[in-house]
Amino acid sequence: MAEPKELGIETVCMLGLGYVGLPMAAVMAVNGFKVLGVDTRPDVVSAINAGQVPIEEVGLNTVVQAAMNSGRLRAQAQPSEADVFIIAVPTPIRPDHTADLSYVERAAKSIAPHLRPGNLVVLESTVPPNTTDGLLTEILATSGLKPREEFFVAHCPERILPGRTLTELVENDRVVGGIDQESAERAAALYRRMVEGEVFVTSAIVAELVKLVENASRDVGIAFANEVARVSRRFGADGQEVIRLANRHPRVRILQPGPGVGGHCIPVDPWFLVEAAPEEAALIATARRINDSQPNWVAARTLEVLEGVTSPKVSVWGVAYKGNVDDARETPALHVIEALTQGGAEVSAVDFHVKRFAFPLTDLEGSVTGADCILLLTDHREFRFFEPEAIGQKMRQRLLFDTRGCLPRARWEQAGFRVITI
Ligand code: SAJ
């Protein structure tokens, strides 16, 4: 493997120190690059410089500590000169489902004054088609340097799964698309220095589409699972059992139904395709709508089960968008809670990972005391180990709606619980 010096790349400026940028910055520093991490949030910059990690992620503390101890990672508020600039900033959607590229725009504008001949700029953030060889390259060209001749631009979309970030950062195959061959080759050489997976070279537009299609495919798959759950319910069948048995067919692989799709990627990225190709992306748009309506479906089912109960109280277990992460961005839990509250239920929610949430969180005891129903929305590992009998004694009624099908059903039933799955 080439050393950073042999690549002609010694310093890397990483813009965005969030779920993607911080692990990458730390891994690059550990691999011998001198990394300047840039974040516009002063609290993030000072936390990292003090060796603290503002994100819950397996092993991240250790690698950030190692990077800081190596003296090759430091955080600052503004970019400065470097051999490579990597952009890992959020690309959310607006309420009307159109892409909000303001963070990419701001990052590109902040790089332009520091761009020098021979520099490479890599975009890791997920973006709508033609952003790399469009908006991004155009803003960088305001530096006065010529793209393809004096500076190089590539898109290497991140692929990490939160909860497995450090493993996937290193082991996953990567797709690197350049605005020209030279840009792609330069970026590929950099990534080959860092990752153990294969690095594929292509054009910027293909790399953009690959990323969007990956997440859209997962969204469509989850929408199908949610639809199977709804169809099964119509016939009084357990959707999870239907899926489990269908998956025993050698060529069927249905995903898991749940309370909806959350996180900052899967509920967002497919809209970029719908916005860019509204006529062609009909299935993708439908899947989005199905998954977005799933929290209401779950809330309606919960209220149905509680019909006739005066002042029903629901104990919500888990508000993170998925199990064992502290991330509640775009979480379906918030929509479920809102719909339950609007439907007249009192809700008290508990989550051992999430620290900040739009709805007040309580502890387990406070959440289950006097409750008529436990509504499990997130499959955090801790929930599996609670003692059903002890919990049941604190509740008004022994009802459990396990939307993830993750609790040991027989044990809960033995403790007198009526268990409902999706
Ligand atoms: N979910 C289900 N049923 C399933 C699988 C997931 O309801 O069978 C739900 C989860 O509970 C969660 C949501 O979908 O609310 C998304 O979770 P996820 O684990 O599918 O994905 P993310 O958002 O954590 O990460 C995805 C990954 N993309 C793919 O697997 C194609 C990851 O590799 C990407 O890097 C990441 O998006 C991203 O940043 O784009």
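A polar contact here is a pair of N or O atoms within 3.5 Å. Keep that cut-off at hand for the exercises below, and remember that the model is predicted.

**Exercise 1. The ligand and its surroundings**

Task: Find which residues come nearest to the ligand, and work out which polar contacts Asn215, Gln256 and Gly262 make with the ligand.

Solution:
- Step 1. Start with the neighbours: 21 residues lie around the ligand, and Glu158, Lys211, Arg218, Cys265 and Tyr321 come nearest.
- Step 2. Turn to Asn215, where a side-chain N or O atom sits 2.8 Å from an oxygen atom of the ligand. Polar contacts reach up to the 3.5 Å cut-off.
- Step 3. Add the backbone. Gln256 places a backbone N or O atom 2.7 Å from a ligand nitrogen atom, and a polar backbone atom of Gly262 is 2.9 Å from an oxygen atom of the ligand.
- Step 4. Finish with the cover: on its own the ligand has 770 Å² of accessible area, and the protein covers 89% of that.

**Exercise 2. Two residues, two settings**

Task: Decide whether Asn215 is buried or exposed, and place Val309 in the chain.

Solution:
- Step 1. Locate Asn215 in helix α8, which spans residues 204–234.
- Step 2. Apply the accessibility limit: Asn215 counts as buried because its relative accessibility is 10%, and buried means under 20%.
- Step 3. List its contacts farther along the sequence: Asn215 touches Cys265, Ile266, Asp269 and Pro270.
- Step 4. Move to Val309, found in the loop between α11 (282–305) and β9 (313–317). Its relative accessibility is 22%, so Val309 counts as partly exposed.
- Step 5. Look at what surrounds Val309. Beyond four places in sequence, Val309 touches Asp372, Arg396 and Gln397. The C-alpha atoms of Val309 and Ala345 are 9.7 Å apart, with their positions 36 residues apart in sequence.

**Exercise 3. The eight-stranded sheet and α1**

Task: Work out the strand order of the sheet with eight strands and which strands helix α1 touches.

Solution:
- Step 1. Read across the open sheet: β3-β2-β1-β4-β5-β6-β7-β8, with mixed pairing.
- Step 2. Check the edges. β3 (73–76) and β8 (199–203) each have a single partner strand, so each has one side without a neighbour in the sheet. On average, neighbouring strands are turned by 25° against each other, direction ignored.
- Step 3. Zoom in on one pair: β7 (residues 174–178) runs parallel to β8, joined by five bridges, and Val175 stands opposite Phe200 in β8.
- Step 4. Add helix α1 (residues 21–30), which packs on the sheet and touches β1, β2, β3 and β4; its direction makes about 170° with that of β1.
- Step 5. Judge how covered α1 is: nine of its ten residues are buried, including Leu22, Met24 and Val27. After α1 comes Gly32, with a positive phi near 105°.

**Exercise 4. The five-stranded sheet and α12**

Task: Find which strands stand at the edges of the sheet with five strands and how α12 packs on it.

Solution:
- Step 1. Write the order of this open sheet, β10-β9-β11-β12-β13, and note its parallel pairing.
- Step 2. Look for strands with a single partner: β10 (346–350) and β13 (418–421) are at the edges, so one side of each lacks a neighbour in the sheet.
- Step 3. Take the average turn between neighbouring strands, 20° with direction ignored.
- Step 4. Inspect β11 (residues 373–376) and β12 (residues 399–402), a parallel pair with three bridges. Ile374 has Leu400 in β12 as its bridge partner.
- Step 5. Place helix α12 (residues 332–342) on the sheet, in contact with β9, β10 and β11; its direction makes about 155° with that of β10.

Conventions:
Residues numbered from 1 in each chain as written. Predicted model: local features only at pLDDT ≥ 70, side-chain atom pairs only at ≥ 80, totals over all residues. Heavy atoms only, no water. Helix = DSSP H or I, 4+ residues; strand = E, 2+ residues; numbered from the N terminus. Buried < 20%, exposed > 50% of the residue type's maximum accessible area, 1.4 Å probe, protein only. Contact = heavy atoms within 4.5 Å. Pairing = 2+ DSSP bridges. Axes fitted to C-alpha atoms, helices over the stretch in contact; angles between N-to-C directions. Near = heavy atom within 4 Å. Polar contact = N/O pair within 3.5 Å; in protein donor to acceptor, adjacent residues only side chain to side chain. Areas by Shrake-Rupley, 256 points an atom, 1.4 Å probe, with all protein chains shown as cover.
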